[in-house]
Structures are given as structure tokens and as C-alpha cells.
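Colleague: Got a minute to go over the pockets and a helix pair with me? Pull the model up first.

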Amino acid sequence: MITVLPLDTPGLGDRSYLAHDGSVALVVDPQRDYDRITARADAAGVRITHVFETHIHNDYVTGGLALARAVGARYLVNAADEVSYERTPVRDGEVVEVGTMRVRALHTPGHTHTHLSYALEADGTQVAVFTGGSLLYGSTGRPDLLGPRHTGVLARAQWRSARRLAEELPDEAAVYPTHGFGSFCSATQSGGVSSSIGAERATNPALTSDEETYVERLLAGLDAYPAYYAHMGPANAAGPGAPDLSPPEAADPAELRRRIEAGEWVVDLRDRTAFAAGHLAGSLNFGLDGQFVTYLGWLIPWGTPVTLLGESREQVAGAQREMVRIGIDRPAAMATGTPADWTGGQPPAVLDRAVFADLAAALDGPDAPVVLDVRRDQERAEAHIPGSLHIPLHELPGRHDRIPAGRTVWVHCAGGYRASIAAALLQARGHRVVAVDDGFGTALDLSLATVPQNTATEADTEEEIPA
């Protein structure tokens, strides 16, 4: 009997897999902190003999090479991938035996040119396929991460790859993708926690649409992806080593202040409610209760030292673990406790919070505030608050000078998490800010937001807000 154990990484929206026959095991697309994999293998009493990569990842630093070295396993990477380390090259159609399991490599380009899927066979039956960034649950991997020159070709290849999987595998075969659980590697939002070839054949756009329709809709639906992706491919091709998860040095209040004044990032890991109630002035808020590492990696100037503030060492350790997954290997320092422990006797700073009903009242008042929408372009196109300024969160560090000085800025997103990140960034730069901590559906219910009639025209005019 074959057992497949998924290992979720919610902060990145990815899954890794451990599959075993009760004796030996294989691993597919392991994350950098591979100790989670070895712990599952130890608990199952199995030995890892093979580690497979579906592709050179763009959204995280792999733990595959370090895991394979640690356990003495073969490390299988597409023979066509240019890498700087020794691996076991694998090619389309090649079959690898792992205990009683047989794994067949299938070239499924689309997410990357050299992408492989792996069909898993047991007792003569193809029971599953590990699809990486190819066929996802109700979607496919995005084809634009290698640059615009490749996007059109890869989009068409992705359609053909999905068709190949559906043609060569039985309906009963389980589908195990790496992306699609909130990952920005997914072309569109992907739903569900399990699926099969038959289920995807009935619902996945790549399998229900003709090529032209699929490509047109796929390309039209693509939105921004995190800036740190640019660093992941080179890191994975170079061969990342094992992460260092030992605690960083502790920093006292004077050291924290020095780092902030030097332009380093001091990141408060607490949730946005706690941060708003009191925090170290100049610190930034990336709460561990949301997509912490995605947005931290997206916004930070790459290479900037990061100091972590948390309520406990466990909270800091959780953030550190997430950071190594995208190649931020060592925090510069840390501090734990409460804002009173970090401020050196100074009163903590506070951040005003509100809901959309409060914003509606403020807009009716004599001194209308600046309303800043930090959602992404596609969210904005669906509905927005008329007259609001639109700067997607990932563009805010480079465009905050577009925000009028001397006026209160009310910041909103779709639910509150990104608004808190943006509000802290602006507050650290001297703006008076109110973070709207509310679901955007409330703005629609209040008729505060409307569906634009001409998105392009309105977007052009709405960014021209007088100082």
C-alpha cells in the first residue's frame, strides 16, 4: 500500500510530499526547512531514498539538495536544467524504482520550460501524479515568471501539458500539485484540498477550453507576483545548503533604535490589533497571522538587515523558519516581550484603526481624508471607492511620495492585513494614518464602493489627488 503525506506551507501557498510504501520513501519538492520532512519519515518508520524536483522553483528556496545530502538519497532534477551541483539527471519517459513504487517522469512545460511531473505507479496501476506547477486544482501554474519573452510560448505549452497528463493517466489517479494553495505561482486562485485527473478533466479550464480560449483567459488573468521571486531561481540553480535556524542575537532598546535610524527593518510579528495598540516607533508590522514572508520578501529592499520583534522566542523562531524558505538566511537580531521592553522607557507609538462605516462618516465630514487602496490591480478593477488613490501594496515603498503630505491617510485592502502593513510603512515615514481593519464587502454593503464603468479612465484620474 502506498501512502502519500502532504506537508503544507501556508505562508507560501505550497505543498511538499512524502510518499512511501511502508519501508522506503520519496520526497517531491521539499521546502528549505526539510527537518519537517525527516520528522514525518521518522514517525512513519521509513527511509528516504529519492528526492525529486519538478522544476527550478521561483517562489522558494528548495531544501532538496540539502535533504538528499543529509539522508544519503538520490537527488533527481531534470537533465536539461543548468545547475551548479551534482544530481541524478532525469528525463522525459524515464522510470525510477523506489522500493515497490515506480515513478515515471513526464515533461510538462508551461510553468517553466523544463518542468517535469512524476506519475506514481504501484502494483501496475498509476495511482497518482505529482504535478508541481503544471496541473493545479482548478487552475494551472503561471507562465510568466521567466519574463515576457517566454510567456506566450509557455502559456501554450501549459495547455498541452495539461492535456498530456489527462490523456496518459487514468481518471482515478490522484493529483498532487506543489502550487495552488495561495501561492502566487498559480495563474488563478486555486481551490480545494484534493483532486483527481477525472475531476480536473471535468472542471479545469486547461481541460475544458480550447487552446486559444485558455491562453487568452490565462494571460488576461495574470497579476503581479512577489519581487523576491527574481532571487529564487538563481539560488536554486546554485544549490542551497541547509538552513541555520539557531536563534539570532538579542538586541536592547538602544540597539533597536540604532537599527531603525540606520534604515534597517525592525519587524513586529504580532497581529495588527496588538501592533496598533502599542509598538516601537519606526517598526513595521508583518504579522505572523497572515502571509508574513510573502509580503516581507515582496516589499523589503533585498539584502536589508531584518530585526524581529516577537512576544516570545517561539514567535521569532516561527518567523525565522519562514524567512529561510525565501533565502533570508539570518535575522540581524531579535527582541522579545512587549513594546515596553523595546522602547527604552519611551511611550509606545499607536496606530489608529477603523472600519468602513467610520470611513464613510469621515468622507462626509468637512476635512475629507486621503483614501489609499493598496489592493492589487485585479481586485481594484472589480470594485473600488470613488476618488481613492490606488497604489498596490507591493508598489508602495517606491511610490509613497505620491501621497499628499499633511493630510490623514485612511488605508484599506480587502480584509485588513495588507492595510496594516501599509499603514506602518507610512507611519514610519511621518504620515498620519488610519488603518481600515474591515472586510471590503462592508464597503459594498454601505454603497461606499462601486463597480467602475471605465476602470482605465478612472484609475488615471483618481491618482491625481491634490496636496
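Colleague: By class, what residues make up the lining of the largest pocket?
Modeller: Bear in mind that this is a predicted model. The lining has 6 nonpolar, 8 polar and 6 charged residues.

Colleague: And how much space lies in that largest pocket?
Modeller: About 470 Å³. Of its 20 lining residues, Gly-182, Phe-184, Gln-189, Arg-376 and Glu-379 are the closest to the centre.

Colleague: Which elements give two or more residues to the lining there?
Modeller: Helix 14 (377-382) and helix 16 (417-428). Helix 14 has the largest share, with 3 residues.

Colleague: OK, next pocket. What volume does the second largest have?
Modeller: About 180 Å³. Its lining residues include Ile-260, Trp-265, Val-266, Leu-284, Leu-425 and Arg-429. By class, the lining divides into 6 nonpolar, 2 polar and 2 charged.

Colleague: Which elements each supply at least two residues to that one?
Modeller: Strand 14 (265-268) and helix 16.

Colleague: Switching to packing. At what angle do helix 10 and helix 16 cross?
Modeller: Roughly 35°, and their axes come within 12 Å. Helix 10 covers residues 292-299.

Colleague: Left-handed or right-handed crossing?
Modeller: Right-handed.

Colleague: Which residues make the contact?
Modeller: From helix 10, Phe-292, Tyr-295 and Leu-299. Helix 16 brings Tyr-417, Arg-418, Ile-421 and Leu-425. Leu-425 also lines the second largest pocket.

Colleague: How do the contact residues divide by class?
Modeller: 6 are nonpolar, none polar and 1 charged.

How values were computed. Residues are numbered from 1 along each chain as its sequence is written. This is a predicted model: local features need pLDDT of at least 70, side-chain atom pairs count only at pLDDT 80 or more; totals for chains, interfaces and linings use all residues. Side-chain values use heavy atoms; hydrogens and water are left out. On a 1 Å grid over the protein atoms alone, a cavity is a set of points where a 1.4 Å probe fits but cannot get out, and a pocket is an open set with protein on both sides within 12 Å along at least five of seven lines; lining residues have an atom within 4 Å of a point. Grid points are joined across faces, edges and corners, and a volume is the space filled by probe spheres set on the points. Helices (H or I, at least four residues) and strands (E, at least two) are DSSP runs, numbered from the N terminus. Ala, Val, Leu, Ile, Met, Phe, Trp, Tyr, Cys and Pro count as nonpolar, Asp, Glu, Lys and Arg as charged, and the others, Gly among them, as polar. Axes are lines fitted to C-alpha atoms, for helices over the stretch in contact, and angles run from 0 to 180 degrees between N-to-C directions. A crossing is left-handed if the near helix is turned anticlockwise from the far one by less than a right angle, and right-handed if clockwise. Contact means heavy atoms within 4.5 Å.
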